[in-house]
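Biologist: Before we begin, may I ask you to present the model that we are to discuss?

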Amino acid sequence: MKVLGIESSCDETGVALVETADAGVPILRAHALHSQVQLHEAYGGVVPELASRDHIRRVLPLTAQVLEQAGCTLRDVDVVAYTRGPGLAGALLVGAGVACALAAALGLPTLGVHHLEGHLLSPFLSADPPEFPFVALLVSGGHTQLMRVQCVGDYELLGETIDDAAGEAFDKSAKLLGLGYPGGPALAALAAQGDPAAYALPRPLLHSGDLDFSFAGLKTAVLTQVRRLGDAPTDTQRANLAASTQAAIVEVLVKKSLAALKTTGLARLVVSGGVGANRELRRQLDAACARRRVRVHYPELALCTDNGAMIALAAAMRLQAGRSRATPDYGFAVRPRWPLQDIG
Ligand code: KG4
Ligand code: ZN
């Protein structure tokens with residue numbers, strides 16, 4: 001079975017084709033991505049209307065590119081999957097609309113996929129795929145969650161952020177430091193040259209005894225330091241503040257992940273979402289997990305941030321597991337707000 005997947009929930013248009021074998025993880029045949037980072041850069045964040053218009057421009061050429069790379073045509077596709085939510089309503093409607101129009105024209109079934117389930121399952125496409133069950137640390141621009149994952153579709157929320165997401169903390173701190181959008185990778189690059197112990201920044205909820213996160217206070221603490229540094233901070237001061245900010249975020253993510261492993265008694269951790277690309281987070285998680293004989297899995301770096309491969313994969317895995325049925329439903333009802341626990 002060949003599944004075409006379309007992702008358009010935010011500022012990346014992603015298309016991919018995966019193929020399921022009888023058993024085992026589906027195989028990624030081809031994927032293509034267009035990032036809108038340059039389009040939104042001047043505005044310091046994603047402009048929803050511009051995002052939707054750009055998805056419209058990109059999605060069909062990317063689909064043609066993926067099919068060509070995979071050596072297929074639309075006639076070879078069995079199911080058309082798309083991101084149903086959560087995300088920007090207008091942006092989601094583009095992917096959903098195109099997916100449903102293609103499927104209707106070809107007489108194919110469709111399947112709307114949860115974006116976070118895509119992230120969560122994306123490490124299955126890596127060279128070292130996980131096995132169920134595991135603890136998932138989902139760290140993206142909009143979400144920070146710890147979950148107990150029993151199998152495809154069985155996700156128990158253990159804890160989540162009560163305010164900003166980890167990616168948001170990176171992005172907002174980066175903005176305060178005068179770095180571009182999206183700030184996560186830029187802040188991480190600057191942090192590599194700084195001293196993580198230079199500034200004492202808060203580790204919110206570190207000792208709260210639960211598995212929730214809070215990052216809004218950190219952003220305020222970074223703002224206070226930026227103001228103290230005045231109009232002309234030195235390169236060293238900026239690098240030190242970036243390193244200290246990253247250290248605060250990473251420490252909380254690592255400690256809470258270890259607490260989740262302890263609470264659940266599981267010995268496997270799966271990290272996904274854009275912040276999962278952060279090298280310092282990976283370094284510290286690898287070290288902490290090795291000491292505890294816990295296996296840790298990540299998506300390939302290229303599949304950490306939004307992409308079509310994870311959407312095609314999640315659809316294929318749900319179909320394989322009998323969790324979903326692809327149906328000739330062309331209503332493209334998107335769900336901009338959609339808690340992951342609500343899916344079965
Ligand atoms: O998963 P994603 O592509 O989009 C959402 O679903 O939100 O995650 C994007 C987030 C952004 O906040 C971005 O700054 C962050 O992931 N990010 C990083 C890194 N690469 C991306 N944060 C820290 N270090 C990185 N290397
Ligand atoms: Zn995402």
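Modeller: A residue counts as buried if its relative accessible area is under 20%. Please keep in mind throughout that this is a predicted model.

Biologist: Is D306 buried or exposed?

Modeller: The cut-off for a buried residue is a relative accessible area under 20%. The relative accessibility of D306 is 12%, so D306 counts as buried.

Biologist: Which residues coordinate the zinc ion (ligand 2)?

Modeller: The donors lie at 2.0 to 2.1 Å from the zinc ion (ligand 2). Along the chain they follow the spacing H-x3-H-x186-D. The coordinating residues are H115 (NE2), H119 (NE2) and D306 (OD).

Biologist: How many residues apart are H115 and D306?

Modeller: H115 belongs to helix 4 (residues 115-121), whereas D306 lies in the loop between strand 10 (295-297) and helix 10. The pair thus links distant parts of the chain, and the separation is 191 residues.

Biologist: What is the arrangement of the four donor atoms around the zinc ion (ligand 2)?

Modeller: Ideal angles for four tetrahedral donors are 109.5 degrees. Four donors count as tetrahedral if all angles lie between 85 and 135 degrees. The four donor atoms here subtend angles of 94 to 133°, and therefore the arrangement is tetrahedral.

Biologist: What is the order of the strands in the open sheet?

Modeller: The open sheet has five strands with mixed pairing. Its edge strands, each pairing on one side only, are strand 3 (27-35) and strand 5 (110-114). From one strand to the next, the twist averages 20°. The order is 3-2-1-4-5.

Biologist: Which strand runs parallel to strand 1?

Modeller: Strands of a sheet pair through backbone hydrogen bonds, either parallel or antiparallel. Strand 1 and strand 2 run antiparallel, joined by six bridges, and they form a hairpin with four residues between them. Four bridges join strand 1 to a parallel partner, and in that pairing G5 has A81 as its bridge partner. The parallel partner is strand 4.

Biologist: Which residue of strand 3 stands opposite V15?

Modeller: V15 stands opposite I6 in the pairing of strand 1 with strand 2. Strand 2 (residues 12-19) is also joined to strand 3 by eight bridges, and these two strands run antiparallel. In strand 3, the residue opposite V15 is A32.

Biologist: How many residues of strand 1 are buried?

Modeller: In a regular strand the side chains alternate between the two faces of the sheet. In strand 1, K2, L4 and I6 point one way and V3, G5 and E7 the other way, and all are buried. The strand is thus mostly covered, and the count of buried residues is six of six.

Biologist: Which helix supplies the largest share of the largest nonpolar core?

Modeller: In soluble globular proteins, nonpolar side chains tend to be buried together. The largest nonpolar core has 47 residues, and L137, F215, L253, L269, V271 and L281 touch the most other members. Several elements each supply at least two residues of this core, among them strand 6 (134-139), helix 5 (166-176) and helix 9 (279-291). The largest share, 13 residues, comes from helix 8.

Biologist: How many residues does the second, separate core have?

Modeller: This core is separate from the one that includes helix 8 residues. Its members include V3, F134, L303 and M310, and its size is 34 residues.

Key: Residues are numbered from 1 along each chain as its sequence is written. Chains are lettered from A and ligands numbered from 1 in the order in which they are written. This is a predicted model: local features need pLDDT of at least 70, side-chain atom pairs count only at pLDDT 80 or more; totals for chains, interfaces and linings use all residues. Side-chain values use heavy atoms; hydrogens and water are left out. Two strands pair if DSSP finds at least two bridges between them. Axes are lines fitted to C-alpha atoms, for helices over the stretch in contact, and angles run from 0 to 180 degrees between N-to-C directions. Donors are N, O and S atoms within 2.8 Å of the metal (3.2 Å for Na, K and Ca); water is not among the atoms, so sites may look incomplete. Four donors count as tetrahedral if all angles lie between 85 and 135 degrees; four count as square planar and six as octahedral if opposite donors are over 155 degrees apart and all others between 65 and 115; anything else is irregular. Buried means under 20% relative accessible area, exposed over 50%, partly exposed in between (1.4 Å probe, protein chains only). A nonpolar core is a set of buried Ala, Val, Leu, Ile, Met, Phe, Trp, Tyr and Cys residues joined through side-chain atoms within 4.5 Å.
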